[in-house]
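This report sets out selected features of one protein chain, moving from strand pairing to backbone details and then to internal cavities. The structure should be kept in view while reading.

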Amino acid sequence: MLLRIRSKDGNFRFEIPPTADISVLVNKILETTVDADPASITVSDKPRGNETLVSTLKGRNLQILGLKHGDMIFVGYRPKDSQGPTTSTSISTPSSTRLQSNIWETVQEDPVDIYWRSKDGKIPRGRDARFCKHGANGMCDYCMPLEPYDTAYQAENSIKHLSYHAYLHKIMPKTSPAATPAIPPLTPLTYKVKDPCPSGGHPPWPAGICTACQPSAITLQSQPFRMVDHLEIASPEIIERFLQAWRATGLQRFGWLIGRYEPYEKVPMGIKAVVEAVYEPPQEGELDGLTLGIPWEDEPRIRELAKMASTPLSIVGYIFTDLDPDPEDRTKSIYKRHPQSFFVSSLEAIFAATIQKANPTPSRSSPTGTFGSRIVTAILTATEDGKVDISAYQVSEQACAMVDADMVEASVEPGIVRVKEEDRTQSGARYVPDVFFRYKNEYNLEVKKSAKPCFPVEYLLVNVTHGFPQSPSPLFRSTQFPIENRPGLEDQRIEDVLKALARLSAPQISDDSYTSPSGALKRLELAKWLSDLHLVSFLETTQLVSKDDMKVLVSTVTSPSLLGDSPALEALFKTESWQTLMTFTRESAPSLPSTSAPGLSPSHMDEDIPREVFDQIAANEVGGNSRVGSGTKICPHCTFENPEEQTDCEVCGLPLG
């Protein structure tokens with residue numbers, strides 16, 4: 001087959017058999033160069049594509065690499081006496097990337113990516129009664145499985161964006177699976193000026209710029225794929241608990257979504273983000289917004305804590321409220337996000353791009369080892385009928401690249417994004433290429449228009465569906481413990497934890513004294529109360545639970561069998577930290593009588609009743625009356641000492657017995 005070679009030395013053509021080894025091509029390339037270092041030769045299928053060292057392709061033939069008759073190969077190399085960057089007609093990657101050009105082969109992907117890479121993703125179809133003329137075991141064009149990226153299937157099922165892995169199948173070389181690790185098909189977008197310039201013929205920007213180092217013009221378009229197809233909230237109580245702060249104060253609220261990624265079968269090769277909890281960082285809410293610190297101080301600790309769950313969790317997105325009560329009906333909220341206004345403001349889109357850029361997805365399909373992000377933006381806002389609902393989005397790779405290049409900024413008009421002016425000063429050098437977007441005019445004709453100085457924010461958005469499972473089975477079974485960083489509204493105190501443990505009879509349960517059916521119920525109640533992200537997160541800050549024991553605690557309270565397996569808590573009970581916690585519980589809890597007074601049940605006693613009252617009730621039970629000594633009666637209600645002949649208490653007026 002004929003292969004064309006382009007390098008700084010010119011254009012060349014070679015006739016090479018398809019089954020020839022890559023080394024044959026390398027020898028041909030060396031014949032066209034001047035004193036090239038063979039170890040530095042790179043190849044690319046695009047003039048500005050990411051280069052691949054030919055040394056990493058050793059042992060593969062040209063056909064396996066996906067090369068076809070007439071293909072153009074762009075070559076770069078470094079002279080033997082040069083230690084500088086590779087010189088070529090295409091843009092070189094950083095030296096660290098060239099030296100580790102197989103970095104994508106060692107990337108540890110998310111389990112959901114590993115799952116989909118093991119599947120072909122084909123969409124099965126049944127036998128067509130009208131057109132299939134073959135037998136039951138036959139197959140034809142009318143019933144053969146469809147590719148996961150089939151356009152007709154996508155339109156028929158109203159799928160606006162391909163899933164990430166369906167898109168990968170679409171752009172992968174079709175010649176052989178062996179070509180996949182050789183040349184990763186995804187190239188992360190960048191709109192920054194290349195520094196240093198690959199040509200090496202001028203000073204770096206802003207002193208100089210050329211076609212080799214400047215980014216190309218940008219045409220904004222809808223992204224054909226999305227990294228996450230669906231947002232699933234594990235339980236409605238998670239959202240209700242998050243909304244309590246807004247309902248109590250009227251101030252907007254923000255939280256990080258803690259969860260995991262799973263296959264989403266309603267979309268070919270789909271991925272869903274399953275939210276198990278919402279963690280609220282320090283923030284200052286306002287009526288029309290909020291102030292938030294990024295990065296937040298507790299982020300490393302919470303990420304590490306989430307990994308300890310029985311099913312490892314991570315930060316899968318964030319959620320915030322944008323709610324204004326309707327002044328005419330306080331039970332409803334104002335409908336403000338709709339097609340005639342905006343869905344996501346330009347400020348929110350820029351924030352989403354910043355967060356997504358900071359949380360890339362590990363990928364074996366990108367030469368950098370990462371591509372895109374699976375961080376989802378969820379907004380709690382009003383629907384047309386005034387009720388509260390979730391809207392979920394991501395922003396496109398173009399949005400992330402533009403924000404990374406400092407090209408855009410928020411506008412006073414929420415639905416409009418402003419393109420910044422070019423800045424050639426040394427301190428804030430910013431190159432802004434031409435930006436265009438397409439739209440249909442009043443004659444229904446597609447028109448290309450410059451995006452300077454501004455363009456609609458919709459061009460940066462990627463829609464994500466959302467919902468709740470039909471049969472909720474969350475990892476965290478409780479949402480009762482006070483939530484962090486809600487000063488004045490909810491406070492987390494160790495005293496409250498110890499009181500709750502005493503009320504739940506945790507010390508007795510730990511001592512295996514609860515073996516009856518009622519004891520099993522108590523154990524179940526304790527297990528459910530412990531299964532709360534906010535509780536375990538708070539306990540970690542008290543220094544009462546060691547790091548090793550914290551792993552046992554988190555793994556235990558997130559176990560799928562926690563509420564169905566009676567010995568599920570045994571591993572936790574055996575830890576030293578739990579024993580320490582039980583010691584504090586016994587010392588701080590009031591002494592409860594072994595047998596309750598008539599009408600009183602220990603599980604329903606008011607925790608604020610003085611300890612002396614419980615002691616006196618116990619004494620009354622033993623003595624059979626309220627007498628303490630000769631000539632004295634102790635009031636069982638307020639503990640005041642009354643004369644023996646007294647029938648009613650002189651202080652509280654209640655009967656003495």
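Which residue in β27 is the bridge partner of Gln394? In this predicted model, Gln394 has Val462 of β27 as its bridge partner, and this pair is a convenient point of entry to the strands described below.

## The barrel

Seven strands, taken in the order β10-β12-β11-β15-β20-β21-β27, close into a barrel, and the pairing among these 7 strands is mixed. From one strand to the next, the twist in this barrel averages 35°.

Part of the barrel can be followed through β20, β21 and β27. Strand β20, which covers residues 376-382, pairs with strand β21, residues 388-395, in the antiparallel sense over 6 bridges, and within this pairing Thr377 stands opposite Tyr393 of β21. The two strands β20 and β21 form a hairpin with 5 residues between them, and in the turn Gly386 has a positive phi of about 90°. Strand β21 also pairs with β27, residues 461-467, again in the antiparallel sense but over 4 bridges. Along this pairing, Ala392 has Val464 of β27 as its bridge partner, while the partner of Gln394 in β27 is Val462.

## The three-stranded open sheet

A separate description applies to the open sheet formed by 3 strands in the order β22-β23-β26, where the pairing is antiparallel. Its edge strands are β22, residues 408-410, and β26, residues 454-456, each of which pairs on one side only. The twist in this sheet averages 35° from one strand to the next.

Strand β22 is joined by 3 bridges to strand β23, residues 416-419, and these two strands run antiparallel. One of the residues concerned is Glu409, whose bridge partner in β23 is Arg418. Helix α8, made up of residues 346-358, lies across β22 and β23, and the helix runs at about 130° to β22.

## Backbone features in the loops

Two cis peptide bonds that precede proline can be located in the chain. The bond from Asp195 to Pro196 is cis, with omega near 5°, and Pro196 is found in the loop between α5 (164-171) and β8 (218-220). The bond from Lys452 to Pro453 is likewise cis, with omega near 10°, and Pro453 is found in the loop between β25 (446-450) and β26, where β26 is an edge strand of the open sheet.

A further backbone feature concerns Asp406, a residue other than glycine whose phi is nevertheless positive, with a value near 55°. Asp406 has its place in the loop between α9 (397-404) and β22, and β22 is the other edge strand of the open sheet.

## The largest cavity

How many cavities of 30 Å³ or more does the count come to? The count comes to 4 cavities of that volume or more, and the largest of them has a volume of about 130 Å³. This cavity is lined by 15 residues, of which Ile238, Ala277, Val278, Thr479 and His534 are the closest to its centre.

Two or more residues of the lining come from each of α6 (236-249), β12 (270-279) and α13 (533-541), and β12 is also one of the strands of the barrel. By class, the lining of the largest cavity is made up of 8 nonpolar, 3 polar and 4 charged residues. The lining also draws on two domains, with at least three residues from each of domain 2 (109-171 + 183-474) and domain 3 (494-588).

## The second largest cavity

The second largest cavity holds about 60 Å³ of space. Its lining consists of Leu539, Val545, Asp549, Leu553, Leu572, Thr575, Ser577, Trp578 and Leu581. The elements that give two or more residues to this lining are α14 (547-557) and α16 (576-588).

Which element gives the most to the lining of the second largest cavity? Helix α16 does, with 3 residues. By class, this lining has 6 nonpolar, 2 polar and 1 charged residues.

Terms used: Residues are numbered from 1 along each chain as its sequence is written. This is a predicted model: local features need pLDDT of at least 70, side-chain atom pairs count only at pLDDT 80 or more; totals for chains, interfaces and linings use all residues. Side-chain values use heavy atoms; hydrogens and water are left out. On a 1 Å grid over the protein atoms alone, a cavity is a set of points where a 1.4 Å probe fits but cannot get out, and a pocket is an open set with protein on both sides within 12 Å along at least five of seven lines; lining residues have an atom within 4 Å of a point. Grid points are joined across faces, edges and corners, and a volume is the space filled by probe spheres set on the points. Ala, Val, Leu, Ile, Met, Phe, Trp, Tyr, Cys and Pro count as nonpolar, Asp, Glu, Lys and Arg as charged, and the others, Gly among them, as polar. Domain bounds come from an automatic or database domain assignment. Two strands pair if DSSP finds at least two bridges between them. Axes are lines fitted to C-alpha atoms, for helices over the stretch in contact, and angles run from 0 to 180 degrees between N-to-C directions. Contact means heavy atoms within 4.5 Å.
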